Amino acid sequence: MTQKSAAATEVARHLWERAVGDSGAPEDVAVAATRMCTEFRAGLTRWVGAMGYRALIDRALLLARAEHPALGSLSCHGGDEPATTAAVRAHSADEVATGMVALVATLIDLLSRIVGEEMALELVNQAVARPPWQRTAGTAATG
């Protein structure tokens with residue numbers, strides 16, 4: 001079991017709640033998980049580069065999957081919609097939601113080791129708190 005800071009866990013919960021809204025419906029959870037992965041990839045790649053993002057997310061997934069098998073097929077490298085939908089069907093919306101919170105908290109903690117917790121929290125918040133016109137940049141052509 002990996003220990004995550006209270007701040008990382010709180011921010012992760014807040015970001016997840018903001019992503020999924022009031023819905024716990026399986027399809028909304030799958031969409032929210034996919035969207036978060038897309039936003040993290042786009043936002044964090046700006047700051048740590050593509051290879052840095054890949055290293056961080058791969059490590060975060062490895063650690064989070066140990067406790068949350070519902071994350072098993074997610075990569076957060078793009079094209080995760082089929083994997084998140086399958087995860088919700090195979091496990092449950094609650095398990096995927098809990099796993100996503102753990103993933104984000106783990107990502108924050110890993111990033112904290114590099115840039116400090118305050119900066120890691122800021123970078124992760126910025127990654128998913130971009131204006132709507134930036135959230136869809138680069139994803140509109142993938143539809």
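How exposed is E67, going by its relative accessible area? That was my opening query on this predicted model. E67 comes out as partly exposed, at 35% relative accessible area. I place E67 in the loop between α2 and α3. I also checked a through-space distance for E67: its C-alpha is 8.0 Å from that of G99, though the two residues are 32 apart along the chain.

**Entry: overall layout**

I counted secondary structure next and got six helices and zero strands. Reading along the sequence, I just write α-α-α-α-α-α. The protein has 143 residues, and 43% of them are buried.

**Entry: helix α1**

I took α1, residues 6-20, as my starting helix. It has 15 residues, and I get 21 Å from the first C-alpha to the last, close to the 21 Å expected at 1.5 Å a residue. Which residues of α1 are buried? My list reads A8, T9, V11, A12, L15, W16, A19 and V20. These buried residues cover an arc of only 165° around the axis, so they sit on the same side of α1. On the face turned away from that buried side I noted the exposed residues A6 and E17.

**Entry: the disulfide**

I searched for disulfides and the structure holds one. The partners are C37 and C76, with an S to S distance of 2.2 Å. C37 belongs to helix α2 (residues 26-65) and C76 to the loop between α2 and α3 (81-90), so the pair ties together parts that are 39 residues apart in sequence. A reminder to myself: a disulfide is a covalent bond between the sulfur atoms of two cysteines. Are the two cysteines buried or exposed? Both C37 and C76 are buried.

**Entry: a closer look at C76**

I stayed with C76 for its backbone. Phi of C76 is near 60°, a positive value in a residue other than glycine. I flagged that because most residues other than glycine have a negative phi. For its setting, I have C76 in the loop between α2 and α3. The relative accessibility of C76 is 1%, and as buried means under 20%, C76 counts as buried.

**Entry: helix α5**

Then I moved to α5, residues 117-128. I count twelve residues in α5, with 17 Å from its first C-alpha to its last, close to the 16 Å expected at 1.5 Å a residue. The buried residues of α5 are A120, L121, L123, V124, A127 and V128. Looking down the axis of α5, I see the buried residues fall within an arc of 165°, so they line one face of the helix.

**Entry: M119 and the surface patch**

M119 is not on that buried list, so I looked it up separately: it is partly exposed, with a relative accessible area of 43%. M119 lies in helix α5. Which residues make up a nonpolar patch on the surface with M119? I114 and V115 join M119 there, and the patch has about 280 Å² of accessible area together. I also ran a C-alpha distance from M119 to I108, eleven residues apart along the chain, and got 9.5 Å.

**Entry: recap**

For my own reference, the disulfide to remember is C37 to C76. The helices whose buried sides I mapped are α1, with an arc of 165°, and α5, with an arc of 165°. The surface patch to come back to is I114, V115 and M119.

Technical notes: Residues numbered from 1 in each chain as written. Predicted model: local features only at pLDDT ≥ 70, side-chain atom pairs only at ≥ 80, totals over all residues. Heavy atoms only, no water. Patch = residues over 30% accessible without salt bridge, like charges linked within 9 Å, V, L, I, M, F, W, Y side chains within 5 Å. Areas by Shrake-Rupley, 256 points an atom, 1.4 Å probe, with all protein chains shown as cover. Salt bridge = Lys/Arg side-chain N within 4 Å of Asp/Glu carboxyl O. Helix = DSSP H or I, 4+ residues; strand = E, 2+ residues; numbered from the N terminus. Expected span 1.5 Å × (residues − 1). Buried < 20%, exposed > 50% of the residue type's maximum accessible area, 1.4 Å probe, protein only. Arc of directions from axis to C-beta. Disulfide = S-S within 2.5 Å.
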